[in-house]
Amino acid sequence: MAERRKYKKRYCKYCEAKVDFMDYKDVGALRFSLSERYKIMPRRLTGNCKRHQDMISTVIKRARAAALVPYTVTRKAVVTAPFENLK
Amino acid sequence: MRNYENLVIVKPTLTAEEIQASIKAVEETITSNGGEIAATDSMGMRKLAYPLAKNERGYFHVIYYSAAPSAISEIERRFRINEDILRFVTIKYDTNREVKAWHQLVQKAQKKSAAPTTEAKTESPKVEEAAEAAAE
């Protein structure tokens with residue numbers, strides 16, 4: 001039972017900011033829920049609530065289709081600073 | 001009528017005029033199919049996250065419009081035929097919350113497009129002056 005309380009109690013940052021809608025073109029805002037290899041971070045690590053996790057996952061998938069965010073990062077296709085063209 | 005948004009990636013190998021012409025053609029396909037363009041937003045030439053048809057960069061253009069749902073399949077069919085377009089993404093704004101966000105995005109795009117035109121107006125006389133100076 002003592003081992004269970006290993007992590008800090010997490011909260012949904014999107015709920016705190018009262019985010020109602022996410023835009024897939026705003027790539028900088030998606031960075032929080034993406035891992036180093038551009039995988040979608042799981043809820044247990046980010047602390048997102050179910051509603052906002054569903055929103056962010058659809059938005060990231062749209063951004064991937066629009067070539068704004070890579071699908072995968074492998075050793076062959078390393079993306080060096082993919083957000084460099086953001087202002 | 002329903003609210004939509006289209007992101008279009010145009011080939012980077014074209015010249016600036018050809019890009020503008022192909023964007024105009026894209027907007028025409030929307031209007032000719034009964035769509036009403038609310039706002040446009042050109043994000044400019046950007047690096048792609050992954051190569052599309054061996055292109056590393058692309059010209060991004062966003063069009064916000066409202067159209068009948070039945071017209072979308074025809075618009076997308078035309079986009080597939082167009083060889084200047086590397087990729088297009090169509091987004092539907094259906095629920096009340098999304099429609100509200102759509103109106104906000106349209107306002108943002110209109111503001112953004114309004115700002116550069118004033119700059120262009122101020123820039124164009126300078127260009128003329130430079131041309132005159134060169135002529136002299």
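**Chain A, burial.** I started with how much of chain A is buried: 22% of its 87 residues. This is a predicted model, so I read every value here as computed.

**Chain A, make-up.** I looked up the secondary structure next and found 4 helices and 0 strands. Along the sequence the pattern reads α-α-α-α. I also checked how far its contacts reach: among those in chain A between residues at least 6 apart in sequence, 65% join residues at least 24 apart.

**Chain B, the sheet.** I moved to chain B and traced an open sheet of 4 strands, ordered β2-β3-β1-β4, with antiparallel pairing. Which strands stand at the edges? I noted β2 (36-52) and β4 (85-93) of chain B; each has a single partner strand, so one side of each has no neighbour in the sheet. I looked up the twist as well: neighbouring strands are turned by 20° against each other on average, with direction ignored.

**β1 against β3.** I followed β1 (residues 2-10) of chain B along β3 (residues 55-67) of chain B and found antiparallel pairing over 9 bridges. Two positions went into my notes. Asn6(B) stands opposite Ile63(B) in β3(B), and Val8(B) stands opposite His61(B) in β3(B).

**β2 against β3.** Here I found 11 bridges joining β2(B) to β3(B), again running antiparallel. Met45(B) has Tyr59(B) in β3(B) as its bridge partner. I then went to the turn: β2(B) and β3(B) form a hairpin with 2 residues between them. Ala53(B), in that turn, has a positive phi of about 50°.

**The helix on the sheet.** I checked what α2 (residues 71-81) of chain B packs on, and it lies across β1, β3 and β4 of chain B. Its direction is about 165° to β4(B).

**Where the chains meet.** I looked up the contact between the chains and got 15 residues from chain A and 17 residues from chain B. On the chain A side that touches chain B, I sorted them into 10 nonpolar, 1 polar and 4 charged.

**The cores.** What sits at the heart of the largest nonpolar core? It has 23 residues, and the ones touching the most other members are Val59(A), Ala63(A), Leu68(A), Val69(A), Val8(B) and Ile9(B). I listed the elements that each supply at least two of its residues: α2 (27-30) and α4 (50-65) of chain A, together with β1, β2, β3 and β4 of chain B. Apart from this core I found another, of 11 residues, among them Tyr4(B), Tyr65(B), Trp102(B) and Leu105(B).

I then took Ile9(B) on its own. Leaving out residues up to four places away in sequence, Ile9(B) touches Ala67(A) from the other chain. Within chain B, I wrote down Leu52(B), Gly58(B), Tyr59(B), Phe60(B), Ile85(B), Leu86(B) and Arg87(B).

**Ile91(B).** Last stop, in strand β4 of chain B. Why does Ile91(B) count as partly exposed? I found 19 C-beta neighbours inside 10 Å, and since a residue is buried only from 20 upwards, it stays in the class between buried and exposed. Beyond four places in sequence, Ile91(B) is in contact with Arg62(A), Tyr4(B) and Glu5(B). I noted one more pairing of positions: Ile91(B) and Asn3(B) are 88 residues apart in sequence, with 8.8 Å between their C-alpha atoms.

Methods: Residues are numbered from 1 along each chain as its sequence is written. Chains are lettered from A and ligands numbered from 1 in the order in which they are written. This is a predicted model: local features need pLDDT of at least 70, side-chain atom pairs count only at pLDDT 80 or more; totals for chains, interfaces and linings use all residues. Two strands pair if DSSP finds at least two bridges between them. Axes are lines fitted to C-alpha atoms, for helices over the stretch in contact, and angles run from 0 to 180 degrees between N-to-C directions. Two residues are in contact if their C-beta atoms, placed from the backbone, lie within 7 Å. Ala, Val, Leu, Ile, Met, Phe, Trp, Tyr, Cys and Pro count as nonpolar, Asp, Glu, Lys and Arg as charged, and the others, Gly among them, as polar. A nonpolar core is a set of buried Ala, Val, Leu, Ile, Met, Phe, Trp, Tyr and Cys residues joined through C-beta atoms within 7 Å. A residue is buried if 20 or more other C-beta atoms lie within 10 Å of its own, exposed if 12 or fewer, and partly exposed in between; C-beta atoms are placed from the backbone.
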